[in-house]
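I opened this entry to keep a record of what I looked up, item by item. Packing comes before the wider picture, and backbone details come last.

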Amino acid sequence: MRIRLRYRKLGKVRFTSHRDVARCWERAFRTSGLPIASTEGFSPRPKMHFGLALSTSHESLGEYLDLDLLDPESDSVDLDALPAMLSGHLPDGIDIETVAVIDRSEPSLQEAVTSCTWQIEVPTLTIDQLRAAVDRLVASDTLPIVRERKGKPVSDDLRPGIVHLEVLDPTAVPADLAGPVLYAELATSPRSVRPSELMAVFDPPLIEGRVRRIRQLITENGATREPLPPGAPSMTLATAGVI
Amino acid sequence: MNGLWPQIEPLLSRVSKPARYIGMEGGAQQPQHAPDKVAWLLAYPDTYEIGLPNQGLQILYEILNERPDAVAERTYAPWHDLEELLREHGIPLFSVDTHRSAADFDIFGFNLSAELTYTNLLNMVDLAGVPVRAADRTASHPLIAAGGHCTYNPEPLADFLDLVVLGDGEEVVAEITEVVGGWKADGRRLGDRTGVLRALAQVEGVYVPSMYRPVYSGVDLVGIETCSREVPELVEKRTIADLADFPYPKQQLVPLTEVVHDRLNVEVFRGCTRGCRFCQAGMITRPVRERPAEQVRSMVADGLRRTGYDEVSLTSLSTADYSGIEALVTDIVDAAGDGPSITVALPSLRVDAFGVGIATQLQHARRAGLTFAPEAGTWRMRQVINKLIREEDLYSAVEAAFSNGWRRVKLYFLTGLPTETDEDTLGIAELARNCVEIGRAHTRNPSVTVSVGGFVPKPFTPFQWFGQNTVEELQRKINLLRDATRRMHGVQVKWHDPKATQVEGIMSRGDRRVGAVIETVWRNGGTFQEWNERFDLSLWLDAMAEHGLDPDWYTHRHRTETEVLPWDHLSAGLHKDFLWQDWRDALAEVGLPDCRWTPCYDCGACTGYSIEHIVASATPPAGGSQGTGQDLSSTWVPVSIRSAEDVPV
């Protein structure tokens, strides 16, 4: 049985790397006794499939992990209790919100997700300065950047990857973020735009404060959905009305 | 309480590996500080990745936090990127547990395991906002303490440390807590620092350097005087009688980020009586105290269940010597049963087929490489250092390794040993070549890596009188070995930088005058000296010259029997005449057997403290010939109990 978990990464634990978090999950599977399937071979590893890596020091309200559970042992796993149970074996700040069974034919998170939304603190500007900077940026037809690919500089245009950009209304800024906050939807496909690239393309470049991924989105055939909606009960994606 | 966290947090997204500074490990504590509790900050003067796994600090962290009158937190050396930001923003060094300012602790205690970390100690004290010299501190500052193997010669750091602990820390931290608790209850009155230090100096195992004064005649150290009648003339180390009384760590810390030795560690015994003459650890941690097998089993089972690690290391100085090691290992592997597969690691594999046999039982999966430490290239040289491994032992071990599926073998050697000749150095190449030959019978591309370290004589070993090889001599020997192995297919040679070896030597046997050198190197930016990319010999040589000290005199000179050694007022329990005799035996190429299975030769470690070896089995382990005496039927193993033979140095 394949399940998809949605979890948060908030607070001090944001300073751990993607690799660190992967190791924390592995230990959590062992301490919790979750019957997880393993790869074959000399060094068996639990079968877990991450979505898009989150940069070290970025927070997230919407991270995903797909797990293959052993069958038939998975029958005895209480999916409703799983989020709280497994969160107890993970570091403070990593909390599983919801879980659902997915079909093995479901495309991987890395393939499926087309964009992410972000909240980015910009502590060095006033809200008016930031609004003006965003207006200028959004009005640009192209945003040329040079990025390194296989050790060689390659010219690229960042503009198509910026799906949406605005300054959050102060009343909409979460209590634990401060100052003017950018709200951005950045594409992850065909090529990914990182928050740091967005900040660098401003003129002059902006300095980011706290960066928080809010949602991961799948847009196909003109419709947009999340890999697993927040608070979805533990059921299949089909019965949750997602597919 | 989050202390300095709000100030530290914005800096962390600007530094490398910020997870080093967040704490939050499994098993980490959030102790509640209170005026009636003595606050310890336990520090390792290197990066988090190297310091976190230190078992000594973890043991004391738990023991202190269990006490109603103490709290303990931890800190590590911030990498220079964070250090620069801390200094720029005026933020002091902090604990990783509650991010409390280091200066807000009563005792700031360092584990000293390597000489090249000494400048980091000064840097951390300075980052805490505490004067680096003990004489400049007032009653409002924390007491700066140190423990660990390097403290058997604390003299280079004497001017910077308020107190030094010799030996096992499990019991003495309680006594120190009580003394400091009394001082704290008394209001830590200004000017009262001498009083608390005098009281601490009366705790057995505690050395207060400021209460002792070295006496020089010209360049020579001629004595160490006490400054007060109340302090002991000889400071004895502390030894816990029975490891079974201390089943720590009970909650080994599980870091969120990768560190060295990232696995469960269970100490199976402390001390070693193999008697390798170069090995300070083996000399200063005597006698052997084994942990009962039942306790080892439950610590392994509980630890694996709690931590989620899939690897456990059974630690000691020579784990294959643990009584009933085979049964223990079988039990551990069986207990894992059909659960997730568990890897059991023995960090110190004995050089014989027996050792490999155990390894075969343990490592079902990964058979990438096995490591052995023959330490020297010829039988003659191994007799000098009392590492009584015959060539046959090594070859049988290597044969067993390759025939059981391993493809890489790593061999550890020392160079610059007493009486070493070029023949001994070339013997290393010869051994490596023969090991590759053995491997060819089993695998297409056998690989043998030879790792060579320059020998640094250490206090309280029979080699403490030996003049260390110069950088040029060590480099010449390394080159000799490199040239000899250049055309040997399958043999790779790696070596430790002889320049670093020289600096280690200066501090290993340095006296109090070396302290000024450490301070100068630190002030000139010489931190993280054990990191290749940061090490700079010229910083050290310039500082030696600036203070009128001769590196040659400190490192390359043979000491005489009558010379006063800088650590003569300290005791690791070993009789000095035992060490001197063992030094003479070394020069005569005479071995000394392991006293676990042969009569006592009175080194002093047991008799002096009325304790004894705790070994579950009266018979030596099967197989092997390393001084255990079990293979003495092979008449040519020249082990003698004592030799009075006089050999000129």
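**Helix α20 of chain B**

I started with one helix and found that the buried residues of α20(B) pack against α12 (379-384) of chain B. The model is predicted, and I read every value below with that in mind. The buried residues in α20(B) are L579(B), D582(B), W583(B), R584(B), D585(B) and A586(B).

I then checked the length of helix α20 of chain B, which covers residues 576-587. Its 12 residues, at 1.5 Å a residue, should span 16 Å, and the end C-alpha atoms lie 17 Å apart, so the two values agree. Just after α20(B), I noted that E589(B) has a positive phi of about 60°.

**From α12 to N386(B)**

I followed chain B from α12 into the loop that leads to α13 (391-403), where N386(B) lies. Is N386(B) buried or exposed? I counted it as buried because 27 C-beta neighbours fall inside 10 Å, and the threshold for buried is 20 or more. I also looked up its separation from P209(B): the two residues are 177 apart along the chain, and their C-alpha atoms are separated by 34 Å.

**Chain B as a whole**

I listed 20 helices and 19 strands in chain B. The C-alpha trace spans about 70 × 65 × 50 Å along the principal axes. For 649 residues, a compact globule would have a radius of gyration near 26 Å; chain B has 24 Å, which agrees. Of those 649 residues, 54% count as buried. Among the contacts in chain B with a separation of 6 or more, 78% join residues 24 or more positions apart.

**Domains of chain B**

The domain assignment splits chain B into domain 1 (5-236) and domain 2 (243-513 + 549-646). I noted 30 Å between the centres of domain 1 and domain 2 of chain B, taken over C-alpha atoms. The contact between them takes 42 residues from domain 1 of chain B and 41 residues from domain 2 of chain B.

Which elements supply the domain 1 side of this contact? In chain B, α2 (48-51), α3 (55-66), β7 (212-217), β8 (220-226) and β9 (235-236) each supply at least two residues to the side of domain 1 that touches domain 2. The most comes from α3(B), with 5 residues. By class, I recorded 24 nonpolar, 7 polar and 11 charged residues on that side of domain 1 of chain B.

**Nonpolar core**

I looked next at the largest nonpolar core, which holds 230 residues. The members that touch the most others are W40(B), L161(B), L163(B) and A432(B). I took L163(B) as an example and left out residues up to four places away in sequence. L163(B) then touches L143(B), A145(B), L197(B), L200(B), V206(B), Y207(B) and V208(B).

**Chain A and its contact with chain B**

Chain A has 5 helices and 11 strands. Its radius of gyration is 19 Å, close to the 18 Å that the globule rule gives for 243 residues, so I noted chain A as being as compact as a globular protein of that length. The C-alpha atoms of chain A fill a box of roughly 60 × 40 × 35 Å along the principal axes.

Buried residues make up 30% of the 243 residues in chain A. Of the contacts in chain A with a separation of 6 or more, 73% are between residues 24 or more positions apart.

How many residues take part in the contact of chain A with chain B? I found 18 residues of chain A in contact with 17 residues of chain B. The side of chain A that touches chain B has 7 nonpolar, 6 polar and 5 charged residues.

**Backbone details**

I found a cis peptide bond from D203(A) to P204(A), with omega near -5°. P204(A) sits in the loop between α5 (195-201) and β10 (211-220) of chain A. In chain B, the bond from R286(B) to P287(B) is cis, with omega near -5°, and P287(B) is in the loop between α8 (280-284) and β12 (289-290).

I also looked up positive phi values in residues that are not glycine. S57(A) has phi near 85° and lies in the loop between β2 (48-50) and β3 (59-68) of chain A. With 19 C-beta neighbours inside 10 Å, S57(A) counts as partly exposed. H99(B) has a positive phi of about 50° and lies in the loop between α4 (80-89) and β3 (107-111) of chain B. With 23 C-beta neighbours inside 10 Å, H99(B) counts as buried.

Definitions and conventions:
Residues are numbered from 1 along each chain as its sequence is written. Chains are lettered from A and ligands numbered from 1 in the order in which they are written. This is a predicted model: local features need pLDDT of at least 70, side-chain atom pairs count only at pLDDT 80 or more; totals for chains, interfaces and linings use all residues. Domain bounds come from an automatic or database domain assignment. Two residues are in contact if their C-beta atoms, placed from the backbone, lie within 7 Å. Helices (H or I, at least four residues) and strands (E, at least two) are DSSP runs, numbered from the N terminus. Ala, Val, Leu, Ile, Met, Phe, Trp, Tyr, Cys and Pro count as nonpolar, Asp, Glu, Lys and Arg as charged, and the others, Gly among them, as polar. The expected span of a helix is 1.5 Å times one less than its number of residues. A residue is buried if 20 or more other C-beta atoms lie within 10 Å of its own, exposed if 12 or fewer, and partly exposed in between; C-beta atoms are placed from the backbone. The radius of gyration is taken over C-alpha atoms; the globule rule is 2.2 Å times the number of residues to the power 0.38. A nonpolar core is a set of buried Ala, Val, Leu, Ile, Met, Phe, Trp, Tyr and Cys residues joined through C-beta atoms within 7 Å.
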